[in-house]
Amino acid sequence: VFADNGAVIDHTDRYIYGLRAGIDSLDGYVYFSEEACSVKYTETSNGFGTGTKSIMLYEDEAFAEYTVIIYGDVDGNGWYDADDAFLVKLMVNGLLTENMLPAYMWKAADCNHDGLINESDAELLIGAGVRKNDIDQSVAQAELVTQAAYIEYALLIDQSAGIDTDDEQQDEKAPEPSEDVGEDESV
């Protein structure tokens, strides 16, 4: 099984991602080296989207099964929209937890690919729902790990901003108020 047009086949976790939202098959994304190979789909209850099972066949015998991931499409209908933003908000607020959902839904909710499901993912989905932005589908797993590490590093740097270690600046002190400031002489 090979991928094309930006699709990624994760042979370890058995996911296929890097797909365009709204597709109805893997045509143009997945191809085989053998003519006797084909793919059969088991769509979600909402259609062809995140959670769709792609069963790879050789002469009508299954040899592998992969789950489709479309980042942002948490409800499995193939599109990322307000319904998905609502589900991600429930995740962020702890009303839906990782052990309550299939792993593919949790993976699809990580819209910014930082390894966390948080307010950033929900905001990205809300913006995508009103066509302000798109959800990047092309990030490979190695890049996801790197981006999460970079974000953590950037936050550490940002937290230390404003600390001045220059000796001259440390010696400068605010003037102390004089003893007669604020005293009332009319008493």
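A residue counts as buried when its relative accessible area is under 20%, and because Cys111 has a relative accessibility of 2%, this cysteine falls into the buried class. The structure described here is a predicted model, and its 187 residues include a buried share of 36%. The protein has five helices and seven strands, and from the N terminus on these elements follow the order β-β-β-β-β-β-β-α-α-α-α-α. Among the contacts with a separation of 6 or more, 50% come from residues that are 24 or more positions apart.

**The sheet and its strands**

- Strands of a sheet pair through backbone hydrogen bonds, and this pairing can be either parallel or antiparallel.
- In this protein, five strands make an open sheet with the order β2-β3-β7-β6-β5, and the pairing within the sheet is mixed.
- The edges of the sheet are formed by β2 (8-10) and β5 (37-42), each of which pairs on one side only, and from one strand to the next the twist averages 30°.
- Strand β3 (residues 15-17) pairs with strand β7 (residues 61-68) in the parallel sense over two bridges, and here Ile16 has Val68 in β7 as its bridge partner.
- Strand β6 (residues 53-58) runs antiparallel to β7 and is joined to β7 by six bridges, with Lys53 standing opposite Thr67 in β7.
- The strands β6 and β7 form a hairpin that leaves two residues between them, and Glu59 in the turn has a positive phi of about 50°.
- On the way to the edge of the sheet, β5 and β6 are also antiparallel and are joined by six bridges, and Tyr41 has Ser54 in β6 as its bridge partner.

**The nonpolar core**

- In soluble globular proteins, nonpolar side chains tend to be buried together.
- The largest nonpolar core in this model holds 40 residues, and the members that touch the most other members are Ile16, Leu19, Leu26, Val30, Met91 and Ile135.
- Both strands and helices contribute to this core, since at least two residues are supplied by each of β3, β7, α1 (82-92), α2 and α3 (119-129).
- When residues up to four places away in sequence are not counted, the residues touched by Ile16 include Leu26 and Val30, as well as Tyr66, Thr67, Val68 and Ile69.

**Two residues and their surroundings**

- Ile23 is found in the loop between β3 and β4 (30-31), and this isoleucine counts as buried because its relative accessible area is 6%.
- Leaving aside residues up to four places away in sequence, Ile23 touches Tyr29 and Phe48.
- Although Ile23 and Ile70 are 47 residues apart along the chain, their C-alpha atoms are separated by 9.8 Å.
- Tyr104 has its place in helix α2 (residues 103-109), and its contacts, not counting residues up to four places away in sequence, are with Tyr15, Thr50, Gly51, Lys53, Thr67 and Ile69.
- The C-alpha atoms of Tyr104 and Asp13 are separated by 9.9 Å, while these two residues are 91 residues apart along the chain.

**Salt bridge and cysteines**

- A search of the whole structure finds one salt bridge, which is formed by Glu119 and Lys89, with their closest N and O atoms 2.6 Å apart.
- Glu119 belongs to helix α3 and Lys89 to helix α1, so this pair ties together parts that are 30 residues apart in sequence.
- Glu119 counts as partly exposed because its relative accessibility is 32%, and Lys89 is likewise partly exposed because its relative accessible area is 28%.
- A disulfide is a covalent bond between the sulfur atoms of two cysteines.
- With sulfur atoms within 2.5 Å as the cut-off, the count of disulfides comes to zero.
- Cys37 has a relative accessibility of 16% and therefore counts as buried, and Cys111, at 2%, counts as buried too.

Key: Residues are numbered from 1 along each chain as its sequence is written. This is a predicted model: local features need pLDDT of at least 70, side-chain atom pairs count only at pLDDT 80 or more; totals for chains, interfaces and linings use all residues. Side-chain values use heavy atoms; hydrogens and water are left out. Two strands pair if DSSP finds at least two bridges between them. Helices (H or I, at least four residues) and strands (E, at least two) are DSSP runs, numbered from the N terminus. Contact means heavy atoms within 4.5 Å. Buried means under 20% relative accessible area, exposed over 50%, partly exposed in between (1.4 Å probe, protein chains only). A nonpolar core is a set of buried Ala, Val, Leu, Ile, Met, Phe, Trp, Tyr and Cys residues joined through side-chain atoms within 4.5 Å. Axes are lines fitted to C-alpha atoms, for helices over the stretch in contact, and angles run from 0 to 180 degrees between N-to-C directions. A salt bridge is a side-chain nitrogen of Lys or Arg within 4 Å of a carboxyl oxygen of Asp or Glu.
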